[in-house]
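Biologist: Could you take a close look at the backbone for me? I'd like to hear about the spots where its geometry is out of the ordinary.

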Amino acid sequence: MPATQMYRDRRAAVIENADLRVTVLEEGGHIAEIFDKRAGVNPLWTPSWPSIEPSAFDPRAHTTYGAGADARLLAGIMGHNLCLDIFGGPSPEEAAAGITPHGEASVARYQLDVVGGVLTMRARLPLAHMLIERRIELSERAVRIREAVENLMGIDRPIGWTQHVTLGPPFLQKGITEFRASASRSKVYESDFGVADYLRAGAEFTWPNAPKVDGGIADLQQFTDRRASSAYTAHLMDPDRDHAFFVAFSAASRLAFGYVWKRADFPWMGIWEEDRSRVAPPWNGQMLTRGMEFGVSPFPESRREMVERGSLFDVPTYRWLPAKRRLEAEYWALTSSADRVHETLDRP
């Protein structure tokens with residue numbers, strides 16, 4: 001059955017059970033909602049600005065979304081965004097050819113079908129010459145996601161491939177929301193990331209204690225209570241574990257929410273923080289978000305920069321997708337009722 005529902009003025013497909021409702025947008029393929037029915041909350045970020053289909057975006061008419069290269073992406077973004085086959089900005093030549101930040105997958109139109117409670121989604125990326133498939137199904141308060149990317153070209157290619165999971169209010173609260181993750185060696189973004197940076201650029205550290213500009217330490221397990229902030233940190237997931245995870249806990253919702261994945265598939269996690277620091281449209285100094293972005297690359301950067309970096313902490317910073325071949329990954333999103341974050345730590 002093809003997608004026929006509407007979600008916040010967007011075409012979408014929905015699957016649900018007694019515990020969860022999952023909504024996927026037709027254009028962009030974003031997992032816009034993982035709504036926990038017991039808690040009555042969707043932990044994923046819903047931007048406050050009006051959402052439109054990426055195909056409807058006109059830079060001359062839709063100035064609400066800013067004048068940047070990412071305006072088309074921002075016009076339709078929600079929740080969990082797939083970054084493929086770059087994680088970061090395109091090169092000037094790629095941008096001229098039509099590639100948007102984080103790649104075509106973020107703005108492509110997907111064929112969505114729901115059969116027997118299973119949601120399948122497929123898209124062809126004409127510029128990247130790739131196919132994407134996802135199969136999403138529910139099991140009580142867990143969401144199983146199986147994903148495949150296929151190279152239609154006759155050459156091997158380096159790719160970025162990141163699950164850009166972004167959390168927002170009401171689940172995300174300043175100074176209150178707690179986080180746990182199977183992270184290890186870490187590094188702050190190497191140059192200025194935003195106007196309200198508070199972490200020391202390029203500093204290496206061990207999760208969760210990030211060096212601050214003022215010489216102190218920021219515990220990344222607690223969401224900041226600063227008036228405004230911007231930050232990005234890269235984290236190598238614990239190499240002694242076969243599986244990696246992050247968990248976020250909302251005391252107000254009494255809900256823990258997180259993802260679990262195979263570390264071999266996605267060895268890196270980036271934490272992106274935007275707390276009312278971006279004043280240009282569409283942000284307008286109003287957004288509160290935290291991205292927990294697991295993938296094959298530590299930092300958002302162009303394809304050329306990704307390849308030139310090569311590795312960090314002796315771990316590759318991109319993935320090879322062989323000619324005419326297919327890569328597959330499986331990961332889970334989970335919710336759980338809890339009074340404290342510690343109650344969830346043994347579950348991943």
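Modeller: Here is a walk through the cis peptide bonds and the positive phi angles. Bear in mind that this is a predicted model, where local features need pLDDT of at least 70, side-chain atom pairs count only at pLDDT 80 or more, and totals for chains, interfaces and linings use all residues. Residues are numbered from 1 along each chain as its sequence is written, and side-chain values use heavy atoms, with hydrogens and water left out.

As background, most peptide bonds are trans, and most residues other than glycine have a negative phi. Let's start with the cis bonds. L84 and D85 are joined by one, with omega at about 0°. D85 sits in strand β5, which covers residues 80-85; strands here are DSSP runs of E, at least two residues long, numbered from the N terminus. Another cis bond runs from W207 to P208, and its omega is near 5°. P208 is in a loop, with β13 (204-206) on one side and β14 (209-211) on the other.

Now for phi. H129 isn't a glycine, yet its phi is positive, about 55°. Look for H129 in the loop between β7 (118-125) and β8 (130-139). Its relative accessible area is 40%, so H129 counts as partly exposed (between buried, under 20% relative accessible area, and exposed, over 50%, using a 1.4 Å probe and protein chains only).

N284, also not a glycine, has a positive phi of about 55°. You'll find N284 in the loop that links β19 (268-275) and β20 (288-295). With a relative accessible area of 40%, N284 is partly exposed.

Definitions and conventions
Helices (H or I, at least four residues) and strands (E, at least two) are DSSP runs, numbered from the N terminus.
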